[in-house]
Every structure is written in C-alpha cells, then in structure tokens.
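Please open the structure in a viewer and keep the selection tool at hand. The tour below proceeds from one selection to the next and says what is to be found at each stop.

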Number of protein chains: 2
Amino acid sequence: MENVKNISESEWKVLEVLWDKPGSLIGEIRTALAGSGWSYSTIKTLVLRLTQKGALYTKETPQGKEYYPAVDEDKSRRDETKHFLDRIYNGSVRMLFSNLVKDSKLSDKEAEELMGLIDKMED
Amino acid sequence: MENVKNISESEWKVLEVLWDKPGSLIGEIRTALAGSGWSYSTIKTLVLRLTQKGALYTKETPQGKEYYPAVDEDKSRRDETKHFLDRIYNGSVRMLFSNLVKDSKLSDKEAEELMGLIDKMED
DNA sequence: AAATCAGGGTTACAGGTGTAAACTATAGAT
DNA sequence: ATCTATAGTTTACACCTGTAACCCTGATTT
C-alpha cells in the first residue's frame with residue numbers, strides 16, 4: 001500500500017471500480033466501465049499499466065484473475081488533492097475556497113464563517 | 001478570453017508569471033522563473049506552446065515582445081478546480097472536504113459546522 | 001571589427017497517455 | 001469435435017509533455 005505515483009486520469013477510473021468492488025474479475029470491470037466508451041483492449045491496457053505501476057495486484061482463482069487495488073482510496077485522493085492544491089492554489093485551501101465561494105449561494109455572513117473555519121483548519 | 005483547454009503543469013507556471021505581471025518581456029519571464037531550473041530554451045518552448053494554444057498573446061514594442069495572458073486567472077482556476085473535483089471527488093465539494101477535514105485540527109463541532117456550510121454552498 | 005549575448009524561430013527526442021488491434025489459449029455452446 | 005466468446009499477452013501508434021539544442025540576428029562589450 002505504498003505511494004504509487006502518476007496514475008493517469010483513465011487509470012483512475014479503473015481504480016475506482018476496484019475500490020468500489022475489490023476482487024472484481026475482468027468481466028466485472030468491463031461491465032462497470034461499460035459507459036466509458038472504451039474497448040475491451042483499452043480497459044486491459046489500463047489494467048496492465050496499473051499493474052506495472054504497482055497500483056493493483058491480482059489473485060488467481062478458479063474463476064480467473066481477481067483484481068485488487070494496491071493503493072488506498074483515501075490516501076490516493078489526498079495525494080491528488082495535495083498536488084492539485086499546490087499546483088493551482090499554491091497549496092492554500094483558503095485560496096481554493098475563496099474561489100469556490102464565489103460561485104456559491106452562501107450569504108456574506110456564511111461565507112465569512114466558512115472562511116474562518118478554513119483558516120482554523122489550515123492552522 | 002475563451003476556454004483554452006489542456007494547459008500543462010509547466011505551462012501553468014509560465015502563465016502564473018504573466019498573470020502576476022502581464023506584459024512581461026521574455027527576460028522578465030526568465031528572471032521570474034529563475035528558480036525553476038528550466039533552461040532558456042525550455043521557457044521559450046513553454047511560451048511558444050501557450051501561444052499556439054491561444055493562452056497568451058504578444059504585443060510588439062520597441063523594447064521587444066510583451067507577453068500577455070489570454071485567459072483569465074480566476075476562470076482558469078475554476079476550470080481546473082471543476083475538472084479536479086469531477087475527476088477525484090465525483091464533482092462533490094463535500095467529499096473533498098470530508099477528506100480534507102480528516103487531516104485538520106478542527107474539533108468535531110467545527111467540522112460539523114463546516115460541513116453544514118458546504119452543504120448549503122453546494123445547494 | 002570581432003566576440004559575446006539576449007531574443008526569436010525551428011527542430012528534437014524520450015517517456016507518458018489515450019486508444020486500440022493482433023494473436024493465443026481456453027472453456028462453454030452447439 | 002468444432003465454433004465462438006472471453007481472458008490474457010504482446011505490440012502499435014499518434015499526440016502530449018518535459019526538456020532542450022541549434023541556428024540566425026541585432027545589440028553590446030572589448
């Protein structure tokens with residue numbers, strides 16, 4: 001369960017399937033990704049690459065290979081989030097929020113409250 | 001000022017320079033990016049690509065070309081944010097936050113307050 | 001004038017990513 | 001026994017991205 005870097009956007013979608021249902025067979029992955037528009041080949045490539053990256057592993061069973069995520073969902077999300085924040089908001093949750101709040105329907109007072117909590121959160 | 005897609009991570013850093021000081025000359029961009037470790041060539045490539053993507057434009061002056069961002073900083077940030085949220089949190093600010101809060105030092109009560117505001121925000 | 005340097009244009013090149021076909025083995029369907 | 005659908009392995013290929021060199025020109029230095 002270590003830090004595997006550089007999971008691409010498409011690969012991420014495959015991982016999501018496995019986070020949702022670890023131990024899926026390839027057929028189940030296919031079904032889950034039916035809406036993606038990807039061909040079977042494409043899905044297999046993504047699975048292959050994730051395996052090569054160490055982001056998933058398989059277990060042999062009589063039914064075929066079961067696929068398991070080798071990275072933690074929450075941790076992966078947090079890593080991505082940190083990277084995103086650094087990249088776009090210079091690491092500041094506050095900046096992110098002052099941006100998000102603009103589009104929202106919070107009152108000024110609520111927005112202020114929110115920002116206060118975020119400041120506290122960021123320490 | 002339209003939606004220019006696919007600004008890469010490196011290109012973004014160049015844009016940041018221009019958002020900060022629109023109309024910079026190439027030398028100023030270089031100086032601003034001195035800490036990046038990029039060679040002059042690299043910086044010019046990034047500028048070139050941004051130009052090709054329509055994300056910046058130039059104005060000729062006796063001093064040389066001035067470089068201007070052609071995309072709005074806040075809007076670009078919001079676009080990136082939306083993309084990120086969709087990709088990682090299924091579009092939900094709430095999920096993002098319930099994740100962020102975990103690492104924070106907010107009390108349970110504060111966290112709850114925060115989540116309440118976010119729910120209101122998301123509508 | 002010759003050498004040097006910043007600016008501008010063109011070209012390069014490897015690794016990552018999206019997207020998939022080709023081929024092979026196998027197991028269930030007929 | 002044969003055909004066909006599914007799984008698995010290998011290979012492909014174009015575009016994006018990070019990173020940069022090469023070459024030309026005009027300005028500045030010596």
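Select A:Thr42 in this predicted model: a polar atom of its side chain lies 3.2 Å from a phosphate oxygen of DNA strand C. Such a pair is a polar contact, that is, two N or O atoms within 3.5 Å; within protein, one must be able to donate a hydrogen and the other to accept it, and residues adjacent in sequence count only if both atoms are side-chain atoms. Add A:Ser8, where a polar side-chain atom is 2.6 Å from a phosphate oxygen of strand C. At A:Ser41 the partner is a base nitrogen of strand C, 2.7 Å from a polar side-chain atom.

Next, select the elements that give two or more residues to the surface near strand C: helix 1 (9-20) and helix 3 (40-52) of chain A, with helix 2 (26-32), helix 3 (40-52) and strand 3 (64-69) of chain B. Helices (H or I, at least four residues) and strands (E, at least two) are DSSP runs numbered from the N terminus. Helix 3 of chain A provides the largest share, five residues.

How many residues surround strand C? There are 21, and the closest are A:Ser8, A:Ser41, A:Thr45, A:Arg49 and B:Lys44. A residue is near a strand if one of its heavy atoms lies within 4 Å of it. By class, this surface has five nonpolar, eight polar and eight charged residues. Here Ala, Val, Leu, Ile, Met, Phe, Trp, Tyr, Cys and Pro count as nonpolar, Asp, Glu, Lys and Arg as charged, and the others, Gly among them, as polar.

**DNA strand D**

Now select the 21 residues around strand D; B:Ser8, B:Trp38, B:Ser41, B:Thr45 and B:Arg49 come nearest. Sugar and phosphate make up 41% of the strand D atoms within 4 Å of the protein. Display A:Lys44, where an N or O atom of the side chain is 3.0 Å from a base oxygen of strand D. For B:Lys53, the corresponding partner is a phosphate oxygen of strand D at 3.1 Å.

**Between the chains**

Select chain A and chain B together: 35 residues of chain A are in contact with 35 residues of chain B, contact meaning heavy atoms within 4.5 Å. The buried area, the accessible area (1.4 Å probe) lost on putting the two parts together and summed over both, is about 3400 Å². A:Arg87, A:Leu117 and A:Met121 supply 20% of the area that chain A buries against chain B.

Pick B:Arg87 and A:Glu80, whose side chains meet in a salt bridge (3.1 Å, N to O). The term denotes a side-chain nitrogen of Lys or Arg within 4 Å of a carboxyl oxygen of Asp or Glu. Eight salt bridges are found across this interface.

**The axis**

How is chain A related to chain B? A rotation of 180° with 0.0 Å of shift along its axis superposes chain A on chain B (RMSD 0.1 Å), which is the relation of a two-fold axis. The superposition is by least squares on the C-alpha atoms of residues with pLDDT of at least 70 in both copies. Finish at A:Leu114, the residue of chain A that comes closest to the axis, at 3.1 Å (C-alpha).

**Conventions**

Residues are numbered from 1 along each chain as its sequence is written, chains are lettered from A and ligands numbered from 1 in the order in which they are written. In this predicted model, local features need pLDDT of at least 70, side-chain atom pairs count only at pLDDT 80 or more, and totals for chains, interfaces and linings use all residues, while side-chain values use heavy atoms, with hydrogens and water left out.
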